[in-house]
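Visitor: I would like a close look at a single part of this structure, taken slowly and with its surroundings.

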Amino acid sequence: MAKKGEQKTFESKKNGNKYLFQHPGLRESIKMRDKSKNEHGVQQSETLYEDMMEHVIFLEGGEKVDFDHFEEVGGFSEVMSAAIKFTFQEG
């Protein structure tokens with residue numbers, strides 16, 4: 001499991017941008033996952049993606065990304081999948 005503050009560089013094959021993933025820590029990652037579920041336990045992707053862009057995914061220079069960034073450059077699914085795998089140690 002990655003530790004709080006641990007970082008990983010990721011280069012998108014879709015848009016060529018380099019991203020910095022920074023692990024928010026075990027407790028924050030659990031909060032993010034719980035917050036993204038509705039009252040029936042179904043994950044609400046938009047909430048999780050917003051939290052990932054707020055706490056985990058940054059451009060290589062440290063700038064935050066948002067939905068508009070991915071609307072312009074593409075690569076949303078690729079970057080989100082990699083960031084979720086990094087954060088939750090999936091796969």
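In S3, which residue is the bridge partner of phenylalanine 21?

Guide: The bridge partner of phenylalanine 21 in S3 is isoleucine 57, and since the model is a predicted one, what follows describes computed geometry. Strand S3 covers residues 57-59 and is joined to S2 by 3 bridges, the two strands running antiparallel. S2 is also paired with strand S1, residues 7-11, through 5 bridges, and this pairing is antiparallel as well. Within the pairing of S1 and S2, glutamate 11 stands opposite lysine 18, the latter belonging to S2. These two strands make a hairpin in which 6 residues lie between them, and glycine 16, in the turn, has a positive phi of about 80°.

Following the chain out of S2, which spans 18-22, one comes to histidine 23, placed in the loop between that strand and helix H1 (26-35). Histidine 23 is buried, because its relative accessible area of 1% falls under the 20% cut-off. A polar atom of the side chain of histidine 23 lies 2.9 Å from the backbone nitrogen of glycine 25.

From helix H1 the view can be widened to the charged side chains, for the structure holds 2 salt bridges. In one of them, the side chains of lysine 35 and aspartate 51 meet at 3.2 Å, taken from N to O. This pair links distant parts of the chain, with lysine 35 in helix H1 and aspartate 51 in helix H2 (residues 45-55), 16 residues apart. The two partners fall into opposite classes of exposure: aspartate 51 is buried, with a relative accessible area of 8%, whereas lysine 35 is exposed, with a relative accessible area of 54%.

Helix H2 also contributes to a salt bridge through glutamate 54, whose side chain meets that of lysine 64 at 2.7 Å, N to O. Here too distant parts of the chain are linked, glutamate 54 lying in helix H2 and lysine 64 in the loop between S3 and helix H3 (67-73), 10 residues apart. Glutamate 54 is partly exposed, with a relative accessible area of 40%, and lysine 64 is likewise partly exposed, with a value of 48%.

To return to the starting point, phenylalanine 21 has isoleucine 57 of S3 as its bridge partner, and S2 is joined by bridges to S1 and to S3.

Notes:
Residues numbered from 1 in each chain as written. Predicted model: local features only at pLDDT ≥ 70, side-chain atom pairs only at ≥ 80, totals over all residues. Heavy atoms only, no water. Helix = DSSP H or I, 4+ residues; strand = E, 2+ residues; numbered from the N terminus. Buried < 20%, exposed > 50% of the residue type's maximum accessible area, 1.4 Å probe, protein only. Polar contact = N/O pair within 3.5 Å; in protein donor to acceptor, adjacent residues only side chain to side chain. Pairing = 2+ DSSP bridges. Salt bridge = Lys/Arg side-chain N within 4 Å of Asp/Glu carboxyl O.
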